Amino acid sequence: MAKVNIKIEGFPYEVDEGLTILEAAKRCGYEIPSLCTYNHGECSQGSCRVCLVEVKGARGLVAACVYPVSEGMEITISSPKAAAARRASVELLLSNHSMKCQQCDKNGHCELLYAAQITGAREDMFEGAKTPATVDQLTPSIIRDTSKCILCGRCVERCKNAHGKGVLGFEKRGFNTIVAPAENRSLANSPCILCGQCVSVCPTGALTEKSEISKVDEAMAAGKYVVVQTAPAVRAALGEEFGMKIGTAVTGKMVAALRRLGFKKVFDTNYAADLTIMEEATELLGRMKNGGVLPMITSCSPGWINYAEINYGDLLPHLSSCKSPHEMFGAILKSYYAEANGIDPKDMFVVSVMPCTAKKGEKERDQLVTNGLRDVDAVLTTRELAKLIKRSGINFNKLPDEAFDNDIVGDYTGAAVIFGVTGGVMEAALRTAYFAVTGKEHDLIKFEAVRGFDGIKEAELDLNGTKVCVAVAHGMKNAKVLLDDIRAGKSKYQFIEIMGCPGGCIAGGGQPFVKPQFLPNEDIDILDTYKEKRAAALYSEDEKQAVRQSHNNPQIKELYEKFLGEPNSHKAHELLHTSYAAREAFKD
Amino acid sequence: MAHLSEAAVAQINEICARYADEKTPLMMILSAIQKEYGYIPLEVQEIVSEKTGISVAEIYGVVTFYSYFSLQPKGKYVIGCCLGTACYVKGAQQIIDKFSEILGIAPGETTADGMFTIDALRCIGACGIAPAVSINGKVYPKLKVSDVPGIVEEYRNMGGAN
């Protein structure tokens, strides 16, 4: 890469050619106030003017985010003229912004408020009309409030990348411009898959999750038997909300906190992930043996299920009929567990802590009601759990490490832990499928080919002479490639794992925000590395487990012996399997 | 897509195919559809989205950005009143108000019988003959408010709605 010599604040630096002033300054140790420093090309419009700097010889001030560095360039960030212009830019944004900051869900994570702080912007400098606002609260997962939107377009770009096509866009013109689904519809009546990636990148409170903390409060107050389960990805990120380095696993402290929050039992969804593997691997082998529909595709990710039902109604028979792990757990808790412990399942209230906003919608599906009861009653995201902990006055960082409850359910294996990262479900399923067919454990345990963050990964496994081709995709843009091949009859795979969010659950729409301006102790490339760091926390927990294959989980064996019979039995189907239905992209 | 006839779907597919090799075909496709049908409803945008791979949200954004595109069917006669600077200072507001008064509709609306639509246009590039009105491409120069009733009558006499 060719280098150029520039000066910032009079100091000489050598930087890569082709960088913008904003990027170059960041590498030289300067932080130019901006609303997109950290957005990774998810806005390149240069329209907000928050990053104006002085460049010697240039006509007027330039926007650092779009202006490339060149040989001999002299940049001044601190001049009063540039500082005043930046402040005015933020003040103009504030003039058309709903300033109800105290009750805003993004309070503490708001990039606009941060920009206002460091530029010294005042909220009432420009008084005038405000763009007519829309507040859309119709989906179970996401709230869209255009009065908080600064039209940066980051959600539009992220949605395009995660969803494949994109649900959000700019509409209308000039002062009336808004970011919305077509016709400013509710997300509920659009092709939105509720993955929440837009919430993750929105710099303000324009896109937020729909909180269910009050549902949990009400269940506790009503004296329900409230149990909680946590997905694997939650432990890999929850610590970030309490100032810990990204990649710190906080399993023990999380369990301790949940006990102190008053949950009767604290379970690990991993138990049910092992159960999912038993059901799913059996289903796969059955389809392969009996000429069933192949490739079979995993069904753990509700964002992906939404996408399939909206866009690939014709391919639904390819989906595994397995419920997702937390739904399976709910069904088992309200049957097997309730029965064994003399609890009336009607009094039981199952809370799932998930890295996911789409899970909130999933739990409300008609297909996930067993014996008249919802399998899961409330879903909190990782961020909501952090709020609950903070609200309750618990000093998370000082908590002792405690272990999950484990009586007749709760035990889990290393295979289950890695569900939280792209390729994990596949790897866990292969470990068990290999054993089911060959009668012995795979020597390696690790299936490196399905690890990592390539958009599409593939592997081949020899099962007693039968070659099994598998593929893993994360993010719908990648999944679409595999799905179009299936539709065209060109797919060479027998088994495919698809996760809605790029990176899998560790980077789910319900995970703590990764906003580098609030993470001064992380590396400057943290946006490129945070997924790997969170994934590493899960892979190391897998390696620490004595048992690393789902079929060797003793409690799962017992569950089949005492209650379900065998995988895919009639009873297992009643409790652990579900169905799907095609639906329209734009509902009237 | 329940509201579209098979023939319409086929024609929209044909229009999309016409520009399949273009690098950025969206504006051309939308222009052709606007010209053919007079408006571009959501159902049609869904077909264009399917054919081009561009999201409906983005297509809707383009349709609502340019005033040339319309989401609603327009009347048989589209009265485009220029409200650009030159026309405006020459009294274009009174002209458009008169059309509104006679037809009983606001700018952007279409009469119930489907005959007339009034569009408020920005500069149409005819400042030398301000104030100007363009009806289905025919330009009326240096209009006076008193000319308006006659023009409406002229089109009423020309024939009914589609």
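Two residues are in contact if their C-beta atoms, placed from the backbone, lie within 7 Å. By that rule, residues 24 or more positions apart account for 64% of the contacts in chain B with a separation of 6 or more. The model on screen is predicted.

**Stop 1: chain B as a whole**

Select chain B and hide the rest. Its C-alpha atoms fill a box of roughly 50 × 30 × 20 Å along the principal axes. Of the 162 residues in chain B, 30% are buried. Colour by secondary structure to see seven helices and four strands. Starting at the N terminus, the order of these elements is α-α-α-α-β-α-α-β-β-β-α.

**Stop 2: two helices of chain B**

Select residues 6-18 of chain B, which are helix α1, and residues 42-52, which are helix α3. The two axes come within 10 Å and cross at roughly 40 degrees, which makes α1(B) oblique to α3(B). The crossing in which α1(B) passes α3(B) is right-handed. Now show side chains. On α1(B), the contact is made by B:Val9, B:Ile12, B:Asn13 and B:Cys16. On α3(B), the residues to show are B:Val44, B:Ile47, B:Val48, B:Lys51 and B:Thr52. By class, this contact between α1(B) and α3(B) has six nonpolar, two polar and one charged residues.

**Stop 3: where chain A meets chain B**

Bring chain A back. The contact takes 14 residues from chain A and eleven residues from chain B. On the chain A side, the largest share comes from strand β8 (residues 169-171), which gives three residues. The chain A residues that touch chain B divide into six nonpolar, two polar and six charged.

**Stop 4: the β1-β2 hairpin of chain A**

Hide chain B and go to residues 3-8 of chain A, strand β1, and residues 11-16, strand β2. These strands run antiparallel and are joined by six bridges. For one pair, select A:Ile6, whose bridge partner in β2(A) is A:Tyr13. The hairpin has two residues between its strands, and A:Glu9 in the turn has a positive phi of about 55 degrees.

**Stop 5: a three-stranded sheet**

Next, select β6, β7 and β10 of chain A, which form an open sheet in that order with antiparallel pairing. Its edge strands are β6 (135-136) and β10 (207-209), each of which pairs on one side only. β6(A) is joined by two bridges to β7 (residues 142-145). Across this pairing, A:Val135 stands opposite A:Asp145.

**Stop 6: a four-stranded sheet and a helix on it**

Move to the open sheet of chain A with strand order β12-β11-β14-β17, where the pairing is parallel. The edges are β12 (265-268) and β17 (378-381), each pairing on one side only. From one strand to the next, the twist averages 25 degrees. Four bridges join β14 (residues 348-354) to β17(A); within β17(A), A:Thr381 is the bridge partner of A:Met354. Add residues 325-341 of chain A, helix α11, which packs on the sheet and touches β11 (225-230), β12 and β14. The direction of α11(A) makes about 155 degrees with that of β14(A).

**Stop 7: two helices of chain A**

Select residues 270-289 of chain A, helix α9, together with residues 424-438, helix α15. Their axes are 9 Å apart and the packing angle is about 60 degrees, so α9(A) and α15(A) are oblique to each other. The crossing of α9(A) and α15(A) is right-handed. On α9(A), show A:Ile277, A:Met278, A:Glu280, A:Ala281, A:Leu284 and A:Leu285. They meet A:Ala428, A:Ala429, A:Thr432, A:Ala433, A:Ala436 and A:Val437 in α15(A). This contact has ten nonpolar, one polar and one charged residues.

**Stop 8: the β18-β19 hairpin of chain A**

Finish at residues 456-463 of chain A, strand β18, and residues 466-474, strand β19. The pairing is antiparallel, over eight bridges. A:Leu463 stands opposite A:Thr466 in β19(A). Two residues lie between the strands of this hairpin, and A:Asn464 takes a positive phi near 50 degrees.

Technical notes:
Residues numbered from 1 in each chain as written. Chains lettered and ligands numbered in written order. Predicted model: local features only at pLDDT ≥ 70, side-chain atom pairs only at ≥ 80, totals over all residues. Axes fitted to C-alpha atoms, helices over the stretch in contact; angles between N-to-C directions. Parallel < 35°, antiparallel > 145°, perpendicular 65-115°, else oblique. Left-handed = near helix turned anticlockwise from the far one by under 90°. Nonpolar A, V, L, I, M, F, W, Y, C, P; charged D, E, K, R; others polar. Buried ≥ 20, exposed ≤ 12 C-beta atoms within 10 Å, placed from the backbone. Pairing = 2+ DSSP bridges.
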